[in-house]
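Subject: Structure handover

Hello,

Please find the structure below, followed by notes on what turned up in it. The notes are grouped by topic and can be read in any order.

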Amino acid sequence: MTSAAAFDLCLINARLATLEGESGYGLLEDGAVACRGGRIAFAGLRSALPDAALTAHNVLDCGGALVTPALIDCHTHLVFGGDRAGEFEQRLNGASYEEIARAGGGIASSMRATRAASEDDLLALALPRARALMRDGVATLEIKSGYGLDHDSELRMLRVARRLGQVLGITVKTTFLAAHALPPEYAGRADDYIAFICDELLPAAAAQGLVDAVDAFCERIAFSPKQTARVFSTARALGLPVKLHADQLGDSGGAALVARFDGLSADHVEYTSEDGVRAMANRGTVAVLLPGAFLCLRETRQPPVDRFRVHGVPMAVATDANPGTSPLLSLRLAMALACIQFRLTPEEALRGATCHAARALGLPDRGRIVPGLRADLALWNVGQPAELCYWLGGDLLQKLIVSGRCIG
Ligand code: DI6
Ligand code: FE
């Protein structure tokens, strides 16, 4: 028997998009959700709600509002010093991203500002960015290192990411991305930098419990597939999952490479070949689409969305929030852009920012409104789910519920 006190939160009069099953919104009119101990204990029609749920500590009449799983931003670089608005202006004047990077700007510019910033500075800078994402329904967030590029600064970035999660009461997953760019002290010695990452930096960060996954930037302007593979071998030996910035600026075989290491995700993937798609399908690697970077770099090469569909590769959508190529602080806008630029359906975009994003982070405990999963929920001031992708901007979020507690 269920005791009355067992339920902490009960939502009634809700329009639920449960995302149960592999397709469709899983829409339930006149739905209800009951939560216990931070988890979903019941989700279904109001008529099937156990009576005891109505004596929950907090009973919320949603007034017909749409309720979805809280959103999950599975690819961000939210912790950094400075900004690159000047480079934005240079690009508008005709300079390319690669030219700026080769001239010492780009990631190296963010590295200098990040190295100069204290842990508290970086936290103070990242907090409003994370709050902006939360105003769009985000309750789980991935944050990468990769603007420190030395021992102390990389660890500092990861500590800031962990602190952000604690301060805001949301889940932050940290990703180690020291193989993001070559720092100036290793100029001309990329293999030595990779050796330093594998022999010292990654083991140290992992030993301090600061790493949930390992990423690299595998592109002609960054690291080679061979160097990336070395970082991945070290990660797997340490028991850490991997993911990759893959095939964004050209086809370097990155998607197939990360799949070979049973990677959680291959991200960007504009230039991924049919072989890459097949490799991802075989290993269950998620394709993370990042339409903000595509927009800001005025890219024209489309990710192979149809091939992902045909081969059953789940597609996630994320902001890639970063100071260089995607200063985007709205996951809803990323979803809209994925629809407009990549022709995802609004349903695919919503799955991309919930259940498929959860999978890209190795978090099977969230992303759908199903009993047993975490009670991370978003209440929206909209009538139908497609509106989440249709409105560009606007304050659509009514309430964010994290682990069964209303936090905004
Ligand atoms: N994500 C990245 O890490 C790089 N591009 C991308 O989409 C570089 C980000 C940067 O220029 O700071
Ligand atoms: Fe990125």
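**Aromatic rings**

Tyr186, Tyr193, Phe196 and Phe223 make up one aromatic cluster. Rings of Phe, Tyr and Trp (its six-membered ring) are paired here if their centres lie within 6.5 Å; planes under 30 degrees apart count as stacked, over 60 as edge-to-face, and the rest as tilted.

Before the rest, the conventions. This is a predicted model, in which local features need pLDDT of at least 70 and side-chain atom pairs count only at pLDDT 80 or more, while totals for chains, interfaces and linings use all residues. Residues are numbered from 1 along each chain as its sequence is written, chains are lettered from A and ligands numbered from 1 in the order in which they are written, and side-chain values use heavy atoms, with hydrogens and water left out.

Eight aromatic pairs are present in the structure. One of them joins Phe80 and Tyr147: the ring centres are 6.3 Å apart and the planes stand at 70°, so this pair is edge-to-face. Phe80 is in the loop between β6 (71–73) and α1 (85–92), Tyr147 is in the loop between β7 (138–144) and α5 (151–168), and the two are 67 residues apart, so the pair links distant parts of the chain. Helices (H or I, at least four residues) and strands (E, at least two) are DSSP runs, numbered from the N terminus. Phe80 and Tyr147 are both buried; buried means under 20% relative accessible area, exposed over 50%, and partly exposed in between, with a 1.4 Å probe and protein chains only.

Within the cluster, Tyr186 and Phe196 have ring centres 6.0 Å apart and planes at 20°, so they count as stacked. Tyr186 lies in the loop between β8 (171–179) and α6 (190–207), and Phe196 in helix α6; the pair therefore ties together parts that are ten residues apart in sequence. Tyr186 is buried at 16% relative accessible area, and Phe196 is buried at 12%.

Two arginines lie over ring faces. Arg129 is over the face of Phe80, 3.6 Å from the ring centre, and Arg36 is over the face of Phe7, at 4.5 Å. The test is that NZ of Lys or CZ of Arg is within 6 Å of the ring centre and within 35 degrees of the ring normal.

**Iron site**

Which protein atoms are donors to the iron ion (ligand 2)? They are NE2 of His75, His77 and His245, and OD of Asp320, lying 2.1 to 2.2 Å from the ion. Donors are N, O and S atoms within 2.8 Å of the metal (3.2 Å for Na, K and Ca); water is not among the atoms, so sites may look incomplete. Along the chain the donors follow the spacing H-x1-H-x167-H-x74-D. His77, in the loop between β6 and α1, and Asp320, in the loop between β13 (315–317) and α12 (331–342), are 243 residues apart. Both His77 and Asp320 are buried.

One of the donors, His245, is also among the residues touched by Ala216. The others are Leu177, Ala179, Thr228, Lys243 and Leu244, leaving aside residues up to four places away in sequence. Contact means heavy atoms within 4.5 Å. Ala216 is in strand β9 and is buried, at 0% relative accessibility.

**Domains and helix α3**

The domain assignment, from an automatic or database source, gives domain 1 (4–70 + 368–406) and domain 2 (71–360). Their C-alpha centres lie 30 Å apart, and the contact takes 26 residues from domain 1 and 25 residues from domain 2.

Helix α3 (residues 107–116) has Ile107, Ser109, Ser110, Met111 and Thr114 as its buried residues. What covers them includes α1, α2 (97–102), α4 (119–134), α5 and β9 (213–218).

**Cysteines and backbone**

The whole structure was searched for disulfides (cysteine sulfur atoms within 2.5 Å), and zero were found. For Cys198, the nearest cysteine sulfur is that of Cys218, 14 Å away. The sulfur of Cys389 is 3.9 Å from its closest counterpart, in Cys339, which is too far for a bond. Cys198 is buried at 7% relative accessible area, and Cys389 is buried at 6%.

Asn13 and Leu149 are residues other than glycine with a positive phi, near 60°. Asn13 lies in strand β1 (residues 9–17) and is partly exposed at 32%. Leu149 is in the loop between β7 and α5 and is buried at 1%.

Regards
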